[in-house]
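Open the model in your viewer and keep the selection panel at hand. The tour starts with charged side chains and moves on to a sheet.

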Amino acid sequence: MLYDGDGSYLAGTVPFIRDGLRAGEPIMVAVGAERIELLTEVLGPDADAVCFADMAELGANPARIIPAWHSFLEAEGEPGRAIRGIGEPIWAGRTPDELTECQLHEALLNVAFRGADGFRLLCPYDAAALPSGVVREARCSHPVVAQGVERSCSPDYRGRDGVPPQSEAPLPPPPLGARSLGFDADTLTDVRELVQTCGETAGLDDEQVNELVLAVHELASNSILHGGGIGVARAWHDDGAAVCEVRDRGRFDDPLAGRRPPRPDQLGGWGLWIANHACDLVQVRTGPAGTTVRVRMRAL
């Protein structure tokens with residue numbers, strides 16, 4: 001849904017919400033705090049029946065949004081029961097890296113919920129505040145576009161399995177001052193020490209340092225199990241954040257890796273899931289030459 005102000009935003013979202021409430025459909029609205037306040041005021045008592053989530057918190061790392069929708073569907077879903085959602089992960093002010101991961105998330109929604117026939121998800125885009133290229137990409141990742149009273153199939157839609165090309169482009173190289181360490185199964189302790197030093201000098205508190213160390217340790221362990229037994233870890237600082245990456249010769253085939261919760265009895269496959277829930281941003285690039293996972297954690 002493309003909008004250009006509060007009026008068109010409310011005209012597109014409020015009827016969608018109220019139609020769902022009249023039909024007895026559970027609805028979750030994950031948008032910014034200002035939008036939640038606006039919708040709550042307009043909906044009045046009806047707002048009590050809506051599950052609101054602040055997207056600035058839920059979607060700080062865009063890879064955590066699909067698991068949140070899955071949790072809502074599991075909690076509220078019943079056979080034959082339709083469910084509605086509104087999700088707005090893209091807003092003016094997102095960093096370029098965050099924006100790319102948000103755009104990948106929007107495309108992966110089509111994969112994650114391909115079998116959820118009763119799930120209707122509305123994705124608002126502020127066409128007045130966002131760059132034209134972002135709006136154009138929205139048309140590529142969504143099969144239907146609504147603007148005002150117009151609703152039409154998007155001729156630019158890439159298809160259910162299409163992803164934004166920028167999400168497949170190689171990540172920028174680490175800065176020259178980045179510390180680098182080759183590792184194998186016998187040197188995971190060195191990886192943890194590298195990450196701990198990076199986190200401490202970046203100003204992370206003790207809890208953050210521990211979470212970052214755990215996340216990178218799990219990624220490095222995945223490299224040993226699935227990436228040829230060896231890998232390279234790098235760590236550096238960037239604008240008040242600790243940044244770490246793990247590279248190996250393995251390859252991800254599942255586009256939703258890290259976005260599905262591992263089974264409790266599962267021995268492997270926890271690395272990306274843990275990284276996504278611990279870090280502010282996780283970027284994954286995989287291809288014939290191997291895989292790079294880069295994580296970022298900002299000091300509080």
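This is a predicted model. Select R94, E98, D280 and R298 and show their side chains: a network of salt bridges links these four.

Now zoom in on one pair of that network. R298 and E98 form a salt bridge, with 3.8 Å between the closest N and O atoms. The two residues come from distant parts of the chain: R298 sits in strand 13, E98 in helix 5, and 200 residues separate them. Turn on the surface. R298 is partly exposed, at 36% relative accessibility. E98 has a relative accessible area of 11%, so it counts as buried, the cut-off being under 20%.

Next, widen the view to the sheet. Colour strands 9 to 13: they make an open sheet of five strands in the order 9-10-11-13-12, with antiparallel pairing. Which strands lie at the edges? Select 179-183 for strand 9 and 281-287 for strand 12; each pairs on one side only. Look across the strands: neighbours are turned by 15° against each other on average, direction ignored.

Stay with strand 12. Its antiparallel pairing with strand 13 (residues 290-298) runs over seven bridges. Pick T286, then find T291 of strand 13 opposite. Add helix 5 by selecting residues 96-112. This helix packs on the sheet and touches both strand 12 and strand 13. Its direction makes about 65° with that of strand 12.

Move to another part of the sheet. Select strand 10 (residues 231-238) and strand 11 (residues 241-248). R234 in strand 10 and E245 in strand 11 are eleven residues apart in the chain. They form a salt bridge, and the closest N and O atoms are 3.7 Å apart. Is E245 buried or exposed? E245 is buried, with a relative accessible area of 1%. R234, at 22%, counts as partly exposed.

Leave the sheet for the loops. Select R114 and D161: their side chains meet in a salt bridge at 2.7 Å, N to O. R114 lies in the loop between helix 5 and strand 5 (119-122). D161 lies in the loop between strand 8 (150-153) and strand 9. The two are 47 residues apart. Check the surface again. D161 is exposed, at 57% relative accessibility, and R114 is partly exposed, at 39%.

To finish, show every salt bridge. How many does a search of the whole structure find? It finds 16, among them the pair R114 and D161.

Technical notes. Residues are numbered from 1 along each chain as its sequence is written. This is a predicted model: local features need pLDDT of at least 70, side-chain atom pairs count only at pLDDT 80 or more; totals for chains, interfaces and linings use all residues. Side-chain values use heavy atoms; hydrogens and water are left out. Two strands pair if DSSP finds at least two bridges between them. Helices (H or I, at least four residues) and strands (E, at least two) are DSSP runs, numbered from the N terminus. Axes are lines fitted to C-alpha atoms, for helices over the stretch in contact, and angles run from 0 to 180 degrees between N-to-C directions. Contact means heavy atoms within 4.5 Å. Buried means under 20% relative accessible area, exposed over 50%, partly exposed in between (1.4 Å probe, protein chains only).
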